[in-house]
Amino acid sequence: VAALRRDVFLKVASLSYAGDPRVGVAEDPQKLAKLVGAEGAQTRWDAWYAPALDGLSARGLVELSTEGRVSVDLSEAARREFARLLPRRVLPNGVSSSSAPPSGAEVLAGVAGIVRPAATTQSAKGVWTAGLTKGVAYAARKLRKARVLPF
């Protein structure tokens with residue numbers, strides 16, 4: 001499967017929000033596009049992730065083109081190797097090097113299970129720190145920005 005580097009970076013950024021209760025409710029629907037597509041962002045993302053992509057390329061798991069495309073090997077052997085590189089707490093219980101590699105949905109659920117508690121706690125702390133009145137006003141602004149509230 002081939003994709004542009006920008007699309008790969010969008011997917012990476014989306015992992016940061018997997019399980020976040022604010023996503024789809026109070027976050028700007030264009031947030032990820034703005035994070036990855038802002039002026040100069042591509043250069044920063046390339047700098048941050050070039051070592052990881054180069055390492056995956058050296059292992060034969062991805063192929064990088066000079067035109068900014070990333071081709072990913074999705075064979076079972078490659079998916080098994082990708083899973084081996086992930087932190088254990090992201091993987092479903094019972095996944096081992098000899099079992100079938102986890103699906104993308106299973107890995108996403110593992111990431112969401114890590115993000116959700118922290119994001120929920122952060123949301124609650126924000127309301128607590130700001131105070132109820134300011135917290136509700138802030139939430140209303142976020143909901144308007146996300147176009148959930150009509151006013």
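**Figure 1. Arg5, Arg6, Phe9, Val12 and Ala13 of helix 1 meet residues of helix 3 in this predicted model.** Their partners in helix 3 are Gln42, Trp45, Asp46, Tyr49, Ala50 and Leu53. Sorted by class, this contact has seven nonpolar residues, one polar residue and three charged residues. Helix 1 covers residues 5-15, and helix 3 covers residues 41-58. How do the two helices lie relative to each other? Their axes come within 11 Å of each other. The crossing angle is roughly 85 degrees. Angles of 65 to 115 degrees count as roughly perpendicular. Helix 1 and helix 3 are therefore roughly perpendicular to each other.

**Figure 2. The whole chain has six helices and three strands.** Follow the chain along its sequence, and the pattern reads β-α-α-α-β-β-α-α-α. The chain has 151 residues, and 24% of them count as buried. Now take the contacts in the chain with a separation of 6 or more. Of these, 55% join residues 24 or more positions apart. The close-ups below pick out some places to look at.

**Figure 3. The largest pocket holds about 1300 Å³ of space.** Rolling a probe the size of a water molecule over the atoms shows where empty space is left. The lining of the largest pocket is made of 33 residues. Which residues lie closest to the centre of this pocket? They are Lys11, Leu15, Phe82, Leu86 and Val107. By class, the lining has 27 nonpolar, three polar and three charged residues.

**Figure 4. Several helices and a strand help to line the largest pocket.** Helix 1 and helix 3 each supply at least two residues of the lining. So do strand 3 (69-72), helix 4 (76-85) and helix 5 (104-130). Which element gives the largest share? Helix 1 does, with seven residues. Helix 1 is also the helix that meets helix 3 through Phe9 and Val12, among others.

**Figure 5. Asp20 sits in the loop between helix 1 and helix 2 (31-37).** Is Asp20 buried or exposed? Its relative accessible area is 7%. Buried means under 20%. Asp20 is therefore buried. Set aside residues up to four places away in sequence, and Asp20 touches Val115 and Ala119.

**Figure 6. Pro21 also lies in the loop between helix 1 and helix 2.** Pro21 counts as partly exposed, at 41% relative accessibility. Which residues does Pro21 contact, leaving aside its neighbours within four places in sequence? They are Ala119 and Thr120. Ala119 is also touched by Asp20. Another pairing spans a long stretch of sequence: Pro21 and Pro117 are 96 residues apart along it. In space, their C-alpha atoms are 9.4 Å apart.

**Figure 7. Pro87 has its place in the loop between helix 4 and helix 5.** Its relative accessibility is 47%. Partly exposed runs between 20% and 50%. Pro87 therefore counts as partly exposed. Compare Pro87 with Val111, which is 24 residues away along the chain. The C-alpha atoms of Pro87 and Val111 are separated by 9.9 Å.

**Figure 8. Ala2 belongs to strand 1 (residues 2-4).** Ala2 is partly exposed, with a relative accessibility of 42%. What does Ala2 touch, not counting residues up to four places away in sequence? Its contacts are Arg69, Val70 and Ser71. Look at Val72 as well. Ala2 and Val72 are 70 residues apart along the chain. Their C-alpha atoms are separated by 6.2 Å.

Key:
Residues are numbered from 1 along each chain as its sequence is written. This is a predicted model: local features need pLDDT of at least 70, side-chain atom pairs count only at pLDDT 80 or more; totals for chains, interfaces and linings use all residues. Side-chain values use heavy atoms; hydrogens and water are left out. Axes are lines fitted to C-alpha atoms, for helices over the stretch in contact, and angles run from 0 to 180 degrees between N-to-C directions. Helices (H or I, at least four residues) and strands (E, at least two) are DSSP runs, numbered from the N terminus. Angles under 35 degrees count as roughly parallel, over 145 as roughly antiparallel, 65 to 115 as roughly perpendicular and the rest as oblique. Contact means heavy atoms within 4.5 Å. Ala, Val, Leu, Ile, Met, Phe, Trp, Tyr, Cys and Pro count as nonpolar, Asp, Glu, Lys and Arg as charged, and the others, Gly among them, as polar. On a 1 Å grid over the protein atoms alone, a cavity is a set of points where a 1.4 Å probe fits but cannot get out, and a pocket is an open set with protein on both sides within 12 Å along at least five of seven lines; lining residues have an atom within 4 Å of a point. Grid points are joined across faces, edges and corners, and a volume is the space filled by probe spheres set on the points. Buried means under 20% relative accessible area, exposed over 50%, partly exposed in between (1.4 Å probe, protein chains only).
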